[in-house]
Amino acid sequence: MLGSTNKIGKYYVYSSTLISAFVVFLIFIILLLNSWEAISTIGLDLISLSWNPAKGEFGIISMLYGTFVVTFIALVIAIPLGTFTAIFTSEILASKYRFVVKSVLELLAGIPSIIYGLIGIAFLSIWFQDLFDLQSGRTLFTAGILLSVMILPTIITLTDDAFHNIPEKYRETAKGLGLYNSEIIKEVLMPIARADVKSAILLAFGRALGETMAVMLVVGSIDKLPSPLLNWLSPGQTVTSKLGREIAETSFRSVHFSAMIFMGLVLFSIVLFLTVLAQNSSKKTERLYE
Amino acid sequence: MEQHILKSKLSVVGKTTEDIIKLEGLHIWIKENHILDAIDVNIPKNKITCIIGPSGSGKSTLIRSINRINDDVDGITTQGNINFNGSSILTSDTDIASLRTQIGMVFQKPCVFPKSIKENVLFGIRHLKKLSKIEKLQIVEENLKTVSLWKEVSHRLNDKAISLSIGQQQRLCIARTLAVKPEVILLDEPTSSLDPLSTRAIEDMMVKLKEEYTIVFVTHNIQQAKRIADHLIFICDGKLIEQGNASALFSCPQNSQTKAYLKDQYCAC
């Protein structure tokens, strides 16, 4: 009797896992099928600069460029800020305050992204417009800054956990050898926490790539590469903002629609790749402590 | 009469050895709990001082206060004084990190860093001064020989330290502490997670090391204290019950509680 219940339990667990895995696979297939029309009719021209549905031009390069620039700016700001904040909350701040500070920081993660977008439109873009004397404050740079604030809680929370989970004995042993706190953080704790911090960063990377609403509101939505290329204070477009803004205007099954889905496929593949990378990196460097 | 003779004997011992550490009226509270209550003990130089007592009596708290590793414990309050080489170490301007290079510590469970055997030995000393490659090798060899680990690991110094057995890891930890060249070594039940053979190896090592170092050794094993101790401190429930020359204390304890504990490992305090 017990054996059969066990078996049912086992199959239930197995099938749940399979269904979840199958959903990922299914999404990939659907994206591939729906973008097939664009891939077959437009082919390599999808990897070009000009996007003009009226002329049948569907180049996604400027959107990909926008996505990478915005994500890059966000990560460059959020990684150092986030890791140092996490080191502060977990190693320097007295533990009775840690919980309070951490909960407040985690609240940041709970704010809906549309709120961030509204703040971006109402304040951030106006400030940048005045500060840099721009025609419009809605730029790749603005979106990057806004995004950095949005991914900060992910980095802080996971990095803080990574440090906090390191057993006390490593700190005490290092202290017993006469190391200063700064040396302990740098030479004992950092190497042990590295794998987990890396996963935290990759997870934040994924979130930055996929963020739509807030970015769409402040990025400027111009389907062009900035000129010069590194002038990030000019409006641009990301894959997500493009999809969010334009998908409703396309007719189902048209080449236009299919090209949009193709962009989704590219984004999905990048995020998938990052996830696999994150999982492998934590597997290789196992746990260094019991 | 006998007591009188013994006391005079003890005072002679006290006079001939210099005390390197003196604890005066040390109280420690952790939150509401009064862990140590007015502890007055002295630790003679170049001797092995064993701290014994039932579990939960405050042995670890006592030894951990000597190099101020307790400082970061939540809600800890310390009162009283600890003198090391004649000056107080409980002042706010004490450089704790440099104090700990003079008073090293080995913990109950061996804790090796996720690095090679060689890097583990050098881990403390590396932060104190710049070392050439040759100096590094000399330090590694010298200290691993002191803890009789050299023969076992000399051919694989670059292997991960975690690959050693627990007994070897603990000896590695002692070598790492010795490499810093402290004056005093605190050991908090260093053999409690080891097999009898490794335990004996560490005991023999301590007896050799006392020529150069002052050793403070916490143990709950009375037989072990009998084997190695020169000076004995018995605490129970946070209070100092008795301290003095080890052989005198073992043969003729003054206090009835000490007598009971040494006989049955039981203390009614």
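This is a short tour of the cavities, membrane-annotated spans and cysteines in a predicted model.

**Stop 1: the largest cavity**

Start with the enclosed spaces: the structure holds two cavities of 30 Å³ or more. The largest cavity has about 50 Å³ of space. To find it, select Thr173(A) and Leu177(A), then add Met105(B), Val106(B), Phe107(B), Lys109(B), Cys111(B), Gln170(B), Cys173(B), Arg176(B) and Thr177(B); these residues line it. Now colour β6 (103–106) and α7 (166–179) of chain B, the elements that give two or more residues to this lining. Which element gives the most to the lining of the largest cavity? That's α7(B), with four residues. If you colour by class, you'll get six nonpolar, three polar and two charged residues around the largest cavity.

**Stop 2: a cysteine in that lining**

Stay where you are and pick Cys173(B), one of the lining residues of the largest cavity. Is Cys173(B) buried or exposed? Its relative accessibility is 5%, so Cys173(B) counts as buried, given that buried means under 20%. Next, show the sulfur of Cys111(B), another residue of the lining. The sulfur of Cys111(B) is the nearest cysteine sulfur to Cys173(B), at 6.5 Å. A disulfide needs the two sulfur atoms within 2.5 Å, so that distance is outside the cut-off. Cys173(B) is in no disulfide, and the count over all chains is zero. For a contrasting environment, jump to Cys252(B), which is partly exposed, with a relative accessible area of 29%.

**Stop 3: the second largest cavity**

Over to chain A. Select Thr67(A), Val70(A), Thr71(A), Ala208(A), Leu209(A), Glu211(A), Val215(A), Thr238(A) and Thr240(A), and you have the lining of the second largest cavity. About 30 Å³ of space lies inside. Two or more lining residues come from each of α2 (61–92) and α7 (181–210) of chain A. Here α2(A) has the largest share, with three residues. By class, this lining splits into four nonpolar, four polar and one charged.

**Stop 4: the annotated membrane spans**

Finish with a record-based selection. An unreviewed UniProt entry places "transmembrane region" at residues 12–33, 58–87, 107–128, 140–159, 200–222 and 255–278 of chain A. Try residues 140–159 of chain A as a cartoon: this span is 100% helix and 0% strand, and its end C-alpha atoms lie 27 Å apart. Then select residues 200–222 of chain A, where the chain is 74% helix and 0% strand. There, the end C-alpha atoms are 32 Å apart.

Methods. Residues numbered from 1 in each chain as written. Chains lettered and ligands numbered in written order. Predicted model: local features only at pLDDT ≥ 70, side-chain atom pairs only at ≥ 80, totals over all residues. Heavy atoms only, no water. 1 Å grid on protein atoms, 1.4 Å probe; cavity = no way out; pocket = protein on both sides within 12 Å on 5 of 7 lines; lining within 4 Å. Points joined across faces, edges and corners; volume = space filled by probe spheres on them. Nonpolar A, V, L, I, M, F, W, Y, C, P; charged D, E, K, R; others polar. UniProt positions renumbered as here; feature names shortened; annotations may be inferred. Buried < 20%, exposed > 50% of the residue type's maximum accessible area, 1.4 Å probe, protein only.
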